[in-house]
Amino acid sequence: MKLEVITIFPDYFAPLRLSLIGKALDDGLVRLLVRDLRDFTHDRHRTTDDTPCGGGAGMVMKPEPWGEALDAVLAEVPGGPPPTLVLTTPAGEPFRQRVAEELSRLDHLVFACGRYEGIDARVPAWAATRMPVRELSLGDYVLNGGEVAALAMIEAIVRLIPGVLGNPASLVEESHADGLLEYPVYTKPPSWRGLDVPEVLLSGHHGQVAAWRRAQAEALTARRRPDLLPG
Ligand code: ADE
């Protein structure tokens with residue numbers, strides 16, 4: 001997969017060189033290109049924002065640098081299939097595990113990180129005439145910009161690419177994989193500070209272990225996230 005990020009804070013993406021995602025980059029499973037939006041400005045102050053038309057608080061990201069940055073992205077795939085553009089915004093559709101799965105199957109993703117009050121609305125409108133566009137929100141809260149949201153989304157997507165996780169079986173039983181929260185997990189020792197590992201997990205009885213885990217996952221989901229259960 002080729003991943004590109006367009007941002008006014010390229011340094012935010014340095015942590016992607018660490019840990020499992022860093023290894024996926026080293027192994028060549030993923031290529032990462034971070035572009036500085038300010039490189040597509042032409043004034044002395046490298047301006048990327050301006051006051052909102054119609055008035056109001058805050059600043060809006062100007063369309064011209066975004067247009068030139070996206071032109072640069074498209075210039076590298078002449079005639080080929082265009083990338084999918086992901087715009088991180090609190091006004092986007094919710095980013096869920098299903099969306100991560102869908103995006104993990106694509107060859108080329110470009111993350112556009114907005115700041116301030118957002119990006120001029122003509123940018124996604126124009127981009128949609130050239131490439132698929134997804135406007136995605138990390139959750140129902142407002143961050144200072146799209147960078148942290150893009151980091152989280154990239155991690156959720158890249159770990160689903162075959163070969164990135166050492167043990168792909170761990171993807172099957174984790175929270176959200178089957179629409180439920182994950183059951184509680186334990187390791188040794190069997191007794192710790194007066195708290196015991198549930199008997200059934202030490203029984204060696206695979207059928208009973210599976211049934212216990214399923215019941216725990218359902219009970220936990222009903223308690224913490226009833227919205228995930230079918231109505
Ligand atoms: N930018 C600011 N807040 C955000 C959010 N919740 N999700 C995605 N991008 C954002």
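A residue is called buried here when its relative accessible area is under 20%. With that cut-off in hand, helix α3 makes a good starting point in this predicted model. The helix spans residues 97–104, and its buried residues are Q97, V99, A100, L103 and S104. Viewed down the axis of α3, these buried residues fall within an arc of 160 degrees, so they line one face of the helix. Their packing partners are spread over several elements: the strands β5 (84–94), β6 (108–113) and β7 (133–137), together with helix α5 (147–158).

Attention turns next to an acidic side chain. D36 belongs to strand β2, which covers residues 31–36. Although D36 is buried, it has no salt bridge. The nearest side chain of opposite charge is that of R46, 4.5 Å away, whereas a salt bridge calls for a side-chain nitrogen of Lys or Arg within 4 Å of a carboxyl oxygen. The side chain of D36 does find a backbone partner, reaching the nitrogen of R38 at 2.9 Å. Beyond its neighbours within four places in sequence, D36 is in contact with T7, I8, P10 and R46.

The ligand completes the picture. Around the ligand there are 13 residues, of which T89, L138, G139, Y141 and L143 come nearest. For several of these, the backbone supplies a polar atom facing a ligand nitrogen: the distance is 2.8 Å for Y141, 2.9 Å for a backbone N or O atom of L138, and 3.2 Å for T89.

Notes
Residues numbered from 1 in each chain as written. Predicted model: local features only at pLDDT ≥ 70, side-chain atom pairs only at ≥ 80, totals over all residues. Heavy atoms only, no water. Helix = DSSP H or I, 4+ residues; strand = E, 2+ residues; numbered from the N terminus. Buried < 20%, exposed > 50% of the residue type's maximum accessible area, 1.4 Å probe, protein only. Lys, Arg positive; Asp, Glu negative; His and termini not counted. Polar contact = N/O pair within 3.5 Å; in protein donor to acceptor, adjacent residues only side chain to side chain. Contact = heavy atoms within 4.5 Å. Arc of directions from axis to C-beta. Near = heavy atom within 4 Å.
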